[in-house]
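Q: I am new to this structure and would like a close look at a single part of it. Please start with one residue, and then show me the surroundings and the whole chain step by step.

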Amino acid sequence: MRPSRRALLTATATATATTALAATPTTLATTSHANPLRTGFEQLQASGYAALQGRRVGVVTNPTGVTRDVRHIVDVMHADPHVELTAVFGPEHGFRGTAQAGGSEGRYDDPATGLPVYDTYLKSGKPLADVFTASGVDTVVFDIQDVGARFYTYIWTLYDCMEAARLAGKRFVVLDRPNPVTGRAAQGPVLHKEFASFVGRQPVAQAHGMTVAELARLFNGEFLAAPVELTTVLMSGWKRSDFYDASGLPWVPPSPNMPTADTALVYSGTCLFEGTNLSEGRGTTRPFELLGAEGIDGRWALEANGLKVPGARFREAYFAPTFSKFQGKTIGGVQIHVHDRAAYDPVRTGIALLVTAKKVWSGFAWRSDNWIDKLTGSTSVRTMIDAGATADEVVAAWQDELKAFRRIRKEYLLYG
């Protein structure tokens, strides 16, 4: 991280990074819940798209880019004469969300609007900048619902698109949405740069506790080679302590295996099971809440409950995934039941479940490519668990780097 760039941020990027529309002023003070939440798009629309006047606009979005009456913002903007929308850019899973994990929709013309849809998935740097240039837009708008985890790829789509927009000389506008699992605190290990990948480009905590607009400011101030011309359109009526159900917004699955806001609540911890030979619940109706494998029985739930993890209980569970690991086989494991969201720490819980799974099941193994190191951001979690460390010892090992990240994160927070 580059603290020396903060002076530059204060002098230049702050002027653009926190731009609020003149017609819809945004306060950074705590907002009363007597006022309903308004997303960045709602603020933008209410202003008559003031931030986009005279611009040829392209939107990076997916099925989550909807209004509260579940119309897609691309459809709304395309029909509005106040904005010149000329292109759409689709991330992983695609603009309309038809692709599974690790897939995208490719280049096509959207049947509903006739707009050209360009594929951004797995593109970065100059190749992505060339896509923006070829599209003919001069302003790139980002509106995607995040879930609060470092390894959820949409925040790195944001990062890659910001860098590509800078290279292509395009303006970048971020429309903010709530962090569905609150913005109270960052939790978990911080990525070490040698483990950078599309599930983590930069040193960010595993559960970052930020909104996409706040992350955009962080990226611009700390990580991009040079700042992009950035405007963030903020929400009103959101508090850092709010869970998604306080927003009054509809939940649209950001990806096929994120069906509910409850999934997002546990995801930043239990996604770590992607780095093991256990099922992380893909192919069930409760992905990331159900975990298991052949040969596991009720001992895992007993062991996990014995740790008295704050805010959570674990139920002995049996299930048969319809795809992914153990497809069509009945396997045993646990289901997480979060009974106290305020006390619950998803990353600590994920570590506790890894430690206890390894203890009670002799078949436990890490994925052969050590994918767990990409997810956690270093070798520390894997090697400590292999050495017999307790969950508390593993969590203690990342506290110094987490404190350092929290200090930097604090400078980019926008809401009370």
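A: Let us begin with a word we will need: two residues are in contact when they have heavy atoms within 4.5 Å of each other. Please also keep in mind that this is a predicted model.

Our residue is His337, and you can find it in strand E12, which covers residues 331-338. Setting aside neighbours up to four places away in sequence, His337 is in contact with Gly311, Ala312, Arg313 and Arg315. Is His337 buried, partly exposed or exposed? Its relative accessible area is 35%, and a residue counts as partly exposed between the limits of 20% and 50%, so His337 is partly exposed. To place it against another point of the chain, try Gly248: the two residues are 89 apart along the chain, and their C-alpha atoms are separated by 23 Å.

Another histidine makes a helpful companion. His93 sits in a loop that runs between strand E2 (84-90) and strand E3 (108-109). With a relative accessible area of 7%, which is under the 20% limit, His93 is buried. Beyond four places in sequence, the residues touching His93 include Thr98, Gln100, Glu105 and Tyr154, as well as Pro254, Ser255 and Pro256.

Now for the helices. Two packed helices are described by the angle between their axes and by the distance between those axes. Take helix H8 (residues 299-306) and helix H9 (residues 346-360): their axes are 9 Å apart and the angle is about 135 degrees. That value falls outside the ranges for roughly parallel, antiparallel or perpendicular pairs, so H8 and H9 are oblique to each other. The crossing of H8 with H9 is right-handed. On the H8 side the meeting residues are Arg299, Trp300, Glu303 and Ala304, and on the H9 side they are Leu353, Thr356, Ala357, Lys359 and Val360. Sorted by class, this contact has five nonpolar, one polar and three charged residues.

A second pair is formed by helix H5 (residues 154-168) and helix H6 (residues 212-223), which pack at about 45 degrees with axes 10 Å apart. H5 and H6 are therefore also oblique to each other, and their crossing is right-handed. From H5, the contact uses Ile155, Trp156, Leu158, Tyr159 and Met162, while H6 brings Val212, Leu215, Ala216, Phe219, Asn220 and Phe223. Here the classes are ten nonpolar, one polar and no charged residues. How many of the residues of H6 are buried? Twelve of the twelve are, so H6 is largely enclosed by the rest of the structure. Among these buried residues are Glu214, Arg217 and Glu222.

Finally, step back to the whole chain. It has 13 helices and twelve strands, and its C-alpha trace spans about 65 × 45 × 45 Å along the principal axes. A compact globule of 416 residues would have a radius of gyration near 22 Å, and the 21 Å of this chain agrees with that. Buried residues account for 59% of the 416. Of the contacts between residues at least 6 apart in sequence, 75% join residues at least 24 apart.

Terms used
Residues numbered from 1 in each chain as written. Predicted model: local features only at pLDDT ≥ 70, side-chain atom pairs only at ≥ 80, totals over all residues. Heavy atoms only, no water. Axes fitted to C-alpha atoms, helices over the stretch in contact; angles between N-to-C directions. Helix = DSSP H or I, 4+ residues; strand = E, 2+ residues; numbered from the N terminus. Parallel < 35°, antiparallel > 145°, perpendicular 65-115°, else oblique. Left-handed = near helix turned anticlockwise from the far one by under 90°. Nonpolar A, V, L, I, M, F, W, Y, C, P; charged D, E, K, R; others polar. Rg over C-alpha atoms; globule rule 2.2 N^0.38 Å. Buried < 20%, exposed > 50% of the residue type's maximum accessible area, 1.4 Å probe, protein only.
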